[in-house]
Amino acid sequence: MESADLRGHRWAEILLSASLLTVWSLAAAAQISRDAVVQEPLTKPTISVSQGTVIEHRENVTFYCDTPDINITIHWVSNHQPLPSHERIQLSTDGKILTILSVQRKDAGIYQCEAWGVLGMKSSDPTYLIVYYGPDPVSIKVEPGVPNGDTVEVMEGSNVTFSAETESYPQASYSWFFSNDSKPITWSLFFNMSNVTIHAVSKEHEGTYRCLVSNSATQKSLWDAVKVRVLERVTKPYVMAPNRTLMEDTSFVVLTCQTTHEGVGVRWFLGDQLLLSSEHLVPDNRALIIHGLRRNDTGPYACEVWNWGSQARSEPLKLNISYGPDRMYFTSGSETLADATVSAELNSRLTLRCWAESQPDAEFNWTHDNTSVYKGEQLVIEALTWKHQGNYSCTASNSVTLLTCSASVMVSVIGHRSSLSVGAIVGITVGILAIVALAIGLGCFIHTGNARGLSRRTTEDTAYENMTPTSEEGHPEELGRNWPMPVYANAPAIEGQIPVKKMLPVDPPEQLYEALVNPEHSIYCQINHST
C-alpha cells in the first residue's frame, strides 16, 4: 500500500507543473498581442509569366509572384480553384515561383497568386496562359450511314452528310477530297468546312472520301479517310426449287434465293415464321437445305433480301412432294370400317370406298376372290346376292413413286337361304321353261293342221259345184261317179249347179278336244268345230 509521504510528494509535482504552464501562457499571449499591434496591412502581390502562349507538349511555363511582405505564405490559384499538386508542378522554397513542365491543354486558363498573413490575404490580378494543341486524330462521321467493316454504307437517293471530328486550338482548317474508284484521277475539293452534304447520292458518289485537318498555330496536319458504298434499294427475289420430281425420303433438297443484288443479307421464312437453323432445315445465306425430305415439307417457303435501308420478300413457294400410297382404310357409306369385315342384307345396296394417302392421287383396282371386278376408288353393288359374298381386295398404285399398297375387306350377306342347291334351282327353272315352250309349240301345230283341212274341203266343194251336165243324154253312171261333195248351207247357189243339202257331222262333242300331254290346265289349247 502506497505511503502517505509518497502521495504528498506527487501532489507537489503536479501543482508546480500547473504553475509553470500558467506563467508561460500569459507571456506568449502578451507577445502575440504586441505583434498584432505593430503588424501592417498586406500588400497586393503581382504575378508574371515567362510566356503566355505555349504549344502543348513542347514547352514549359513559369509564373512569378512578387510581394514585399514578410512572414507570409504564398498560395497559387488556377481557374479560381486551388492549384493541385502533381509531378509536373514545381514550386520554389518560398512558394513565389511556379513552374509547369510539358504544358498540356488542361493547364490553360487564369492564374493568380495569394499572399496569406496573420491579419488576412491579398490576391494578385489574374494572368492568362494560352495553350495551342491539335489537331487530334481525325474521325469522319457519315450520316445516315452504317459501318460495315472498313466501309460505310449509305442508301441510294438519300442526303448524306460527312463530318470531320477533331480537337484543335485554334480551330483547324478542313480540306475534303473525293476519289471514285472507277476514276481515281478525278478529285473534288471542299475547303474550310467541317461538314459536307451530298444530296440524292447515287452510284456515282461511291468511293473514298478524305479530309485533311490543319492547325496553323501548331503547324500540325492530319488525314482521315472513309470508304463509302452506295446501296441500291432491293427488289423482290424469288425462290427456285430443283428441276426434278421431289419424292419423300430424298436425302436432301436445296432451295435457292435468286436476287440480282450483291452484298445483301438473306433471311428464310416458313410461312410467316423466321426459319432458324436445325438438323432438318439449314438456312445458309442464299440456300436452304432440307435434309431427309418429308411429305409435310411442302412449305410455303420464302426468302427475304435486305440491307439496313430496305428489304423485299419473295412470293411463297410450295413444294410438290410425291409420296405413298400408304395408310389405307375402307368406308361403307359414311362409316369408316373399324375391322376388315362388313355385313349387309340380301338384295340391299352396298357401297365400299377405298382410301389411301398418296400424292399424286392413287389409282384403285378392286378384285373379288382374286378376280378383277372394278377400277376406281368406289365399288357399288346395287342388289346384294349370295354370289357377292367373299373377299374384296383394293390395290392402290402411284404412277410417280411406282409404289403399290393393298388392303382387303370380307363381305358377308345376311338373309334367308333356300334349302335347294343352286344347281337344283337352275334345273327346275330350265325344266319349267322347256315345258312352256313345248306346250306353245304343240298348240301352234294343232291350230295349223285344222286350218289346212278346212282349206282343202272348201276347194273340193267349189270344184264339184262348178260341174254341170253337158246334155240330157248323159250317162247315169258317170253322173254318179262325179257327184259333188256336200257344201255348207251358208254357201250361195250357183246357176246350173245341182243343189245339195249340207251334211252335218255326227261326231260326239267330246271328240272335238285334243288330248294334251301337259297336265297344266293353263296351257290347254281348245279346237273349235266349223259351223
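## Cysteines, backbone features and a surface patch

Cys405 is partly exposed, with a relative accessible area of 21%. That value places Cys405 just outside the buried class because buried means under 20% relative accessible area. The model discussed here is predicted. The closest cysteine sulfur to that of Cys405 belongs to Cys354, at 8.5 Å, which is too far for a bond. A disulfide requires two cysteine sulfur atoms within 2.5 Å, so this pair does not qualify. Cys211 is buried, with a relative accessible area of 0%.

**Disulfides**

By the distance rule, the count comes to three disulfides. Counting bonded cysteines along the chain, their pattern is 1-2, 3-4, 5-6. The sulfur distances and the torsions about the S-S bond are listed below.

| Pair | S to S distance | S-S torsion | Handedness |
|---|---|---|---|
| Cys65 and Cys113 | 2.1 Å | about 75 degrees | right-handed |
| Cys257 and Cys303 | 2.0 Å | 70 degrees | right-handed |
| Cys354 and Cys394 | 2.3 Å | -105 degrees | left-handed |

The disulfide of Cys65 and Cys113 is right-handed because the torsion about its S-S bond is about 75 degrees. This pair links distant parts of the chain, 48 residues apart: Cys65 is in strand S3 (residues 61-66) and Cys113 in strand S8 (residues 109-116). Cys65 is buried, with a relative accessible area of 5%, and Cys113 is buried at 0%.

Cys257 and Cys303 form a disulfide with their sulfur atoms 2.0 Å apart. Cys257 lies in strand S22 (residues 252-258) and Cys303 in strand S27, so the link ties together parts that are 46 residues apart in sequence. Both Cys257 and Cys303 are buried.

For Cys354 and Cys394, the sulfur atoms are 2.3 Å apart. The pair ties together parts that are 40 residues apart in sequence, because Cys354 lies in strand S32 (residues 350-359) and Cys394 in strand S36. Cys354 and Cys394 are both buried. Cys354 is also the residue that holds the cysteine sulfur closest to that of Cys405.

**Backbone features**

Two peptide bonds that lead into proline are cis. One runs from Glu143 to Pro144, with omega near -10 degrees. Pro144 is placed in the loop between strand S11 (139-143) and strand S12 (146-148). The other runs from Gly299 to Pro300, with omega near 10 degrees. Pro300 is in the loop between strand S26 (287-291) and strand S27 (301-307). Strand S27 also contains Cys303 of the disulfide with Cys257.

Positive phi values occur at two residues other than glycine. His80 has phi near 70 degrees and lies in the loop between strand S4 (73-78) and strand S5 (81-82). His80 counts as exposed because its relative accessibility is 57%, and the exposed class starts over 50%. Leu402 has phi near 60 degrees and is found in the loop between strand S36 (390-397) and strand S37 (404-414). Leu402 is exposed, with a relative accessible area of 69%. Strand S36, on one side of this loop, is the strand that holds Cys394.

**Surface patch**

Which residues form a nonpolar patch on the surface? Ile432, Val436 and Ile440 do, with about 270 Å² of accessible area together. Ile440 lies in helix H2 (residues 422-465). The relative accessible area of Ile440 is 54%, so this residue is exposed.

Technical notes. Residues numbered from 1 in each chain as written. Predicted model: local features only at pLDDT ≥ 70, side-chain atom pairs only at ≥ 80, totals over all residues. Heavy atoms only, no water. Patch = residues over 30% accessible without salt bridge, like charges linked within 9 Å, V, L, I, M, F, W, Y side chains within 5 Å. Areas by Shrake-Rupley, 256 points an atom, 1.4 Å probe, with all protein chains shown as cover. Salt bridge = Lys/Arg side-chain N within 4 Å of Asp/Glu carboxyl O. Helix = DSSP H or I, 4+ residues; strand = E, 2+ residues; numbered from the N terminus. Buried < 20%, exposed > 50% of the residue type's maximum accessible area, 1.4 Å probe, protein only.
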